[in-house]
Amino acid sequence: MNMTHTEILSAFVDGESVDVAALAEALEDAGARAALVDFVRMREATRDVTALPATLHHLREPRVYPGAIRWTAAAAVLLLVFVAGLLVPLPGRGDASDRGDIPPAPVRLEQFVPGVDWYPGD
């Protein structure tokens, strides 16, 4: 793995494992040493930003309402069931012909004459 001196020093500052010989070689380079100083300055600058005063800790840590998600989900399910009940008719509603208890009235009457339309024993 061929890393530049600044990449090696950046990895070292980030706490990653680096080859000691490559670190020593990187520290001999003047430009890499200047980059190391910049890395440390950047880390210090960001550390100051992330350290909030005690009065602002409530902004950093969100409040957790333990049952809020469960209650919201339960309310959503109940609302969905209610709406589905309004849209989908249940069996047993409506008149008797809709339920299938009473057969529909015949439209035409078919008559078969024995010996003409059918023969006994067929």
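This section describes confidence, helices and salt bridges in a predicted model. The mean pLDDT of the protein is 78, with 72% of its residues at 70 or more. Confidence is highest in helix 5, at a mean of 90, and lowest in helix 6 (residues 96–99), at 56. Where pLDDT is low, the predicted coordinates should not be read in detail.

Helix 5 comprises residues 68–87. Its end C-alpha atoms lie 29 Å apart, in agreement with the 28 Å that its 20 residues should span at 1.5 Å a residue. The helix is hardly covered, since none of its 20 residues is buried. A nonpolar surface patch is formed by Leu79, Phe82, Val83, Leu86, Leu87 and Val88, which together have about 650 Å² of accessible area. Within this patch, Val83 belongs to helix 5 and is partly exposed, at 38% relative accessibility. In helix 1 (residues 5–13), by contrast, Ile8, Leu9, Ala11 and Val13 are buried. Just after helix 1, Gly15 adopts a positive phi of about 90 degrees.

Three salt bridges were identified. Arg43 pairs with Asp14, with the closest N and O atoms 3.1 Å apart. Because Arg43 lies in helix 3 (residues 30–50) and Asp14 in the loop between helix 1 and helix 2, this pair ties together parts that are 29 residues apart in sequence. Arg43 is partly exposed, at 32% relative accessible area, as is Asp14, at 47%. A salt bridge within helix 3 links Arg41 and Asp38, three residues apart, about one turn of the helix; the closest N and O atoms are 3.9 Å apart. Here Arg41 is exposed, at 57%, whereas Asp38 is partly exposed, at 46%. Arg108 and Glu110 form a further salt bridge, at 2.9 Å from N to O, and Arg108 is exposed, at 67% relative accessibility.

Definitions and conventions
Residues numbered from 1 in each chain as written. Predicted model: local features only at pLDDT ≥ 70, side-chain atom pairs only at ≥ 80, totals over all residues. Heavy atoms only, no water. Buried < 20%, exposed > 50% of the residue type's maximum accessible area, 1.4 Å probe, protein only. Helix = DSSP H or I, 4+ residues; strand = E, 2+ residues; numbered from the N terminus. Patch = residues over 30% accessible without salt bridge, like charges linked within 9 Å, V, L, I, M, F, W, Y side chains within 5 Å. Areas by Shrake-Rupley, 256 points an atom, 1.4 Å probe, with all protein chains shown as cover. Salt bridge = Lys/Arg side-chain N within 4 Å of Asp/Glu carboxyl O. Expected span 1.5 Å × (residues − 1). pLDDT = per-residue confidence, 0-100.
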